[in-house]
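Got the viewer open? Let's take a short walk through this one, picking a selection at each stop.

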Amino acid sequence: MKITLHATPDITPRPLIAEVILETGALLNIDRADVKPKGGEVVIDVPPNECKRVVAAFEKRGATITALEQPVIKDDDECVNCGACISVCPTSVISFREDWSVQMDLDKCVQCGACVTMCPHGALTVMKS
Amino acid sequence: MTDKTIQDINAKIANGSVHVVTAEEMPDIVAELGPVGAAKEIDIVTTGTFGAMCSSGAFLNLGHSDPPIKMQKVWLNDVEAYAGLAAIDAYIGATQLSKSRGIEYGGAHVIEDLVAGKSIDIHATAYGTDCYPRKVLDTTVTIDDLNQATMFNPRNGYQRYNVATNCSDRTLYTYMGTLLPDCGNVTYSGAGVLSPMYNDPTYQTIGVGSRIFLCGAQGYVTGQGTQHDPANNFATMMVQGDLKQMDKKYVRGASFHGYGTSQYVGIGIPIPILNADIAKATAVTDADITVDVLDYGVARRDRPVLRQVTYEELKSGMIDINGREITTSPMSSFHDARAIAGELKDWIQKGTFYPTLPVERLPNTGVEFKPMKQIGEQPTVADVMAKRVITIQQGLTVENAAKVIMEGNFNHLPVVSDEDRLVGIITAWDIAKAVAKNKRDKLDDIMTRAVVTADATEPIDIVARRLEQHNISALPVVDKHSRVSGIITSDDITKLVARR
Ligand code: SF4
Ligand code: SF4
């Protein structure tokens, strides 16, 4: 599953993620990292069975963790099922069903927002966690 | 060779015995029965397409105000419509942008909002005449308040359309959507097997007066579309229909990030199967329709063709470009094109839609598709650049560079390697900063390495846009071996434009 790590400036200089990997031994995958002067936000893919331990390890170090549940919302009234959003998605979240309607496999979403800018009908919104 | 007349077919619609299929069903039928058998069996094939059609708009008649006004300029929800017609007629074009909201909202959205029954703010100005004294008008209307609201689209329903990719190193925002750098994705448009005009490629049944499905209403083809190019299977049509009868589902405003607005228009054309030839043509499949993949990274009229593909390959979701599998995205909705072909089929079966034969067929031969006639050559970089450009050797110091810049009285100094290849650039500002921070030795530490360059053969407008996009004021001009042959600055371009 995917979690978002929010780190405040006082903890960003620390090798937080490395520490957590070492402590828990969990194989974390960093999907997206957005580090700004006022702190950072990192989307991390965590093996589901290790999730609790990983979250606890981060929280112990002062980071806030939120679960990424519905990363992108599609407004079905606006969507015309063109599929324009498909080719810009780096993680193949979006695809056609048999009947050429568009489906999203949101577990794979890293919230990059590429599909949002591509959509000509303003049908997509990225949820900021 | 007519086996059936349109009257025969319409009589069958009236008595409920008409046999209609969609263009998706037809290939199998023709494969099974042969064209002759299929022509006997099937009366009408319905087609459909739903995609971005920029050349769209609507004529609106607003009714007279009191005192009356002869609108010279008019805005609908802040989007300017063309008012150079009679007093209170206007034409709202799909790609005109809102003054206040820009790319997000345009004429296409105004049309969608009208069809959806929403209120539209009207602002008009005039110079005032004895018969039309009023100079300013502000009001709010819905589509019901208008006398006529007629969709009139000069160029719709392309027979097929080019495929776009981008071999350059930066993301492009185009009417074909976002094109990722380095051929990162491929976009295409058109309905393939359901394409209205590809199912009757010699336009035997399509022309002036053909009754069609237009955005959920019954509309008409009024002639060849602008840029109609039948010789290359890029035929287009001009269409009109009553906006008041349309369904919002099939007339949608679209906004392409970094490009502008466009209208998603739903068109369905019924093809009456009068003979075996027409039956055979409607058996066209996605595998039969080929299109060129163009490199939109080259901003010229004639873009390089990377390869040809079929709609079948495009619809598989991946195509091969130079040995790499690239993901494809359609820009038009096959899902809705199918719905349109299906809805039209329903109308005919229910006896609410009767196809017509055209009064005049769309021309199939003898139409020329010409590029613009341009008088005066477009100047190129070579015409404008400074040819004597001073460079500095890599490895020298900031001090050295400062001296060169001072002596030459210029701002940009390209840095070259021992083999004379461009490796970086230094500006007077870079030097000032370096000095202020007391970094006076190695030039390498302060130069910009990712240098944006120009080619001597490029037209000036392309280079002007590049300067603007990168927010810089000069580009070294390099040959294919990265050797500097000149430099072009925004000042050179400004001077040139002033002279034009
Ligand atoms: S935000 Fe959109 S493009 Fe990015 S990963 Fe999620 S679905 Fe794909
Ligand atoms: S690009 Fe927008 S309208 Fe098209 S399928 Fe994706 S979400 Fe729907």
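Start by selecting Ile30(A) and Ile44(A): Ile44(A), in strand β3 of chain A, is the bridge partner of Ile30(A). Keep in mind as you click around that this is a predicted model.

Now widen the selection to the two strands. Strand β2 of chain A covers residues 29-36, and seven bridges join it to β3(A), with the two running antiparallel. Follow the chain from one to the other and you'll find a hairpin, with two residues between β2(A) and β3(A).

Next, add residues 2-7 of chain A, which make up strand β1. This strand pairs with β3(A) too, in the antiparallel sense, over six bridges. For a spot to zoom in on, pick His6(A), whose bridge partner in β3(A) is Glu41(A).

Stay on β3(A) for a moment and show residues 39-45 with a surface on. How many of its seven residues are buried? Six of them are, so call this strand mostly covered.

Time to leave the strands and bring up chain B. Here 22 residues of chain A are in contact with 28 residues of chain B. The two chains bury about 1800 Å² between them, with carbon and sulfur atoms giving 56% of that area. On the chain A side, select Ser87(A), Trp100(A) and Pro120(A): these lose the most area to chain B, together 33% of what that side buries.

Last stop: Glu78(A) and Arg252(B). They form a salt bridge, with the closest N and O atoms 3.5 Å apart, and one salt bridge is what the rule finds across this interface. As for the chain A residues touching chain B, colour them by type and you get 12 nonpolar, six polar and four charged.

Conventions: Residues numbered from 1 in each chain as written. Chains lettered and ligands numbered in written order. Predicted model: local features only at pLDDT ≥ 70, side-chain atom pairs only at ≥ 80, totals over all residues. Heavy atoms only, no water. Buried < 20%, exposed > 50% of the residue type's maximum accessible area, 1.4 Å probe, protein only. Helix = DSSP H or I, 4+ residues; strand = E, 2+ residues; numbered from the N terminus. Pairing = 2+ DSSP bridges. Contact = heavy atoms within 4.5 Å. Buried area = accessible area lost by both parts, 1.4 Å probe. Salt bridge = Lys/Arg side-chain N within 4 Å of Asp/Glu carboxyl O. Nonpolar A, V, L, I, M, F, W, Y, C, P; charged D, E, K, R; others polar.
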